[in-house]
Amino acid sequence: MQQNKYSYKQKIVTFGGKTGHFQLLNGLKKLNDSSLITAVVGTWDSGGSSGILRSELGVLPPGDIRACILALMEDDEQQKVAQRLFDDRLKEVVGPLKGHSLGNLIGVRLDHIYHGQDRGTEAEKKLFRVRGEVLPATLTDLNLVGCTKHGIEIDGEANIDNRKERADFDPRDRIVRIRFTSRADSNPKVLSAIKKADKIVFAPGDLFTSVLPHLLVEGVAEGILKSKAKVYFVLNLIQKEGETDYFKASDFLRALNFYLGSSRRLNFIVVNNKKFDKDIVKVFQGERKRAVNLDEDNCQKICPNAKIIKANLGEYLKKEHLLRHNPEKLALSILRNN
């Protein structure tokens with residue numbers, strides 16, 4: 001896989017959340033001119049350090065923006081140092097800052113100093129020499145609500161994300177709809193990036209909390225439908241307990257089509273084709289983490305214009321006991337296919 005750093009010069013817009021989005025961007029910036037990459041992130045996170053800062057300081061949650069800025073750092077050594085800095089949780093601190101991500105605090109202070117998350121993010125990019133664009137999907141303060149097949153409503157992104165911990169949790173009672181409790185005004189810069197894009201990519205991630213909510217923001221789905229860009233959907237490696245239990249590939253696509261508003265707009269479905277060791281699979285199944293199966297015939301019926309890209313994208317990180325997409329292989333599967 002010997003590629004020059006900027007073998008590709010494609011205008012790419014990505015939508016996602018944190019971990020899967022990070023892997024995608026970390027690969028794209030090594031192979032594609034990073035100044036042509038626009039990462040769009042959500043602002044409806046209500047859990048962890050981001051959720052607390054949002055609640056107590058009235059700021060938009062910084063966590064996903066921080067992850068994208070980190071992913072787009074082009075110097076590997078700089079990225080390693082920044083990751084340790086960003087991930088520091090101030091465990092030895094006594095007081096209200098204890099447990100907060102230092103990366104989130106840096107982002108919040110810059111937002112305050114520069115009077116707005118968009119200007120604060122731009123300042124953080126300059127600080128860490130990031131050439132790619134990182135844009136909040138909306139500058140509106142939003143609350144996400146999920147609704148299950150049996151009519152149970154789950155209020156807040158964090159509660160949807162942690163739904164498996166509810167006493168009444170039934171994995172067969174799927175989440176079928178999501179909505180915001182107020183109007184989600186679009187970020188004009190996002191709509192402009194969509195219009196100019198060569199490729200639009202939905203990163204792997206939590207379907208109902210990190211990926212699909214972008215399409216609820218005013219003008220985003222409409223902009224994608226009108227865009228001349230090729231549209232890519234990266235399928236998750238495993239099901240998310242409490243969110244996509246028992247989902248096959250076709251279930252992901254049905255949900256995407258509903259919120260996108262078309263079954264014919266998707267051009268490419270990016271799928272992992274690597275088989276993992278049986279012992280590893282058994283361990284993950286014991287943890288209620290099952291692979292997402294590709295039911296190819298149903299996918300082709302649901303998205304008749306989409307080509308399925310199969311590649312050995314998945315990798316098992318032994319030290320962390322995690323399954324992740326390989327950043328460069330994932331990026332190449334998108335950059336090479338037009």
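The side chains of E153 and R179 come together in a salt bridge, with 3.1 Å from N to O; a salt bridge here is a side-chain nitrogen of Lys or Arg within 4 Å of a carboxyl oxygen of Asp or Glu. This pair ties distant parts of the chain to each other: E153 sits in strand 5 (residues 153-155) and R179 in strand 6 (residues 175-180), 26 residues apart. Helices (H or I, at least four residues) and strands (E, at least two) are DSSP runs, numbered from the N terminus. E153 is partly exposed at a relative accessible area of 47%, and R179 is partly exposed too, at 37%. As for those words, buried means under 20% relative accessible area, exposed means over 50%, and partly exposed is in between (1.4 Å probe, protein chains only).

The model is a predicted one, in which local features need pLDDT of at least 70 and side-chain atom pairs count only at pLDDT 80 or more, while totals for chains, interfaces and linings use all residues. Residues are numbered from 1 along each chain as its sequence is written, and side-chain values use heavy atoms, with hydrogens and water left out.

In total, the structure holds 19 salt bridges. Another of them joins D33 to K9, where the closest N and O atoms are 3.8 Å apart. Here again distant parts of the chain are linked, since D33 lies in the loop between helix 1 (19-31) and strand 2 (37-41), whereas K9 belongs to the segment before strand 1 (12-16), 24 residues apart. The two partners sit in contrasting surroundings: D33 counts as buried because its relative accessibility is 12%, while K9 counts as exposed at 57%. Both also take part in a network of salt bridges that links K9, D33, E74 and R131.

A further salt bridge brings the side chains of R254 and D251 together, at 3.3 Å from N to O. These residues are three apart in helix 11 (residues 249-260), so about one helical turn separates them. R254 is partly exposed, with 45% relative accessibility, but D251 is buried, at 14%.

Next comes the interior. Helix 3 (residues 63-71) has nine of its nine residues buried, so it is largely enclosed by the rest of the structure. Among those buried residues of helix 3 are the charged-type names D64 and R66, listed alongside G63, I65, A67, C68, I69, L70 and A71. Helix 6 (residues 117-127) has Q117, G120, T121, A123, E124 and K125 as its buried residues. These pack against helix 3, helix 4 (76-87), helix 5 (102-113) and strand 3 (133-136). After helix 6 comes R129, whose phi is positive, near 55 degrees.

Back at the start of the chain, Q10 lies in the segment before strand 1. With 12% relative accessibility, Q10 counts as buried. Leaving aside residues up to four places away in sequence, Q10 touches N32, L36, D198, K199, L335 and N338, where a contact means heavy atoms within 4.5 Å. D76, by comparison, has its place in helix 4 and counts as partly exposed at 41% relative accessibility. From D76 to H150 there are 74 residues in sequence and 48 Å in space, C-alpha to C-alpha.

As for the chain as a whole, the protein has 14 helices and 12 strands. With 338 residues, a compact globule would have a radius of gyration near 20 Å, and the 19 Å found for the protein chain agrees with that; the radius is taken over C-alpha atoms, and the globule rule is 2.2 Å times the number of residues to the power 0.38. Taken along the principal axes, the C-alpha atoms fill a box of roughly 55 × 50 × 45 Å. Of the 338 residues, 54% count as buried. Among contacts with a separation of 6 or more, 75% come from residues 24 or more positions apart.

The accessible surface of the protein chain comes to about 15900 Å², and carbon and sulfur atoms account for 48% of that; accessible areas come from the Shrake-Rupley method with a 1.4 Å probe, and for residues only the protein chains shown count as cover.
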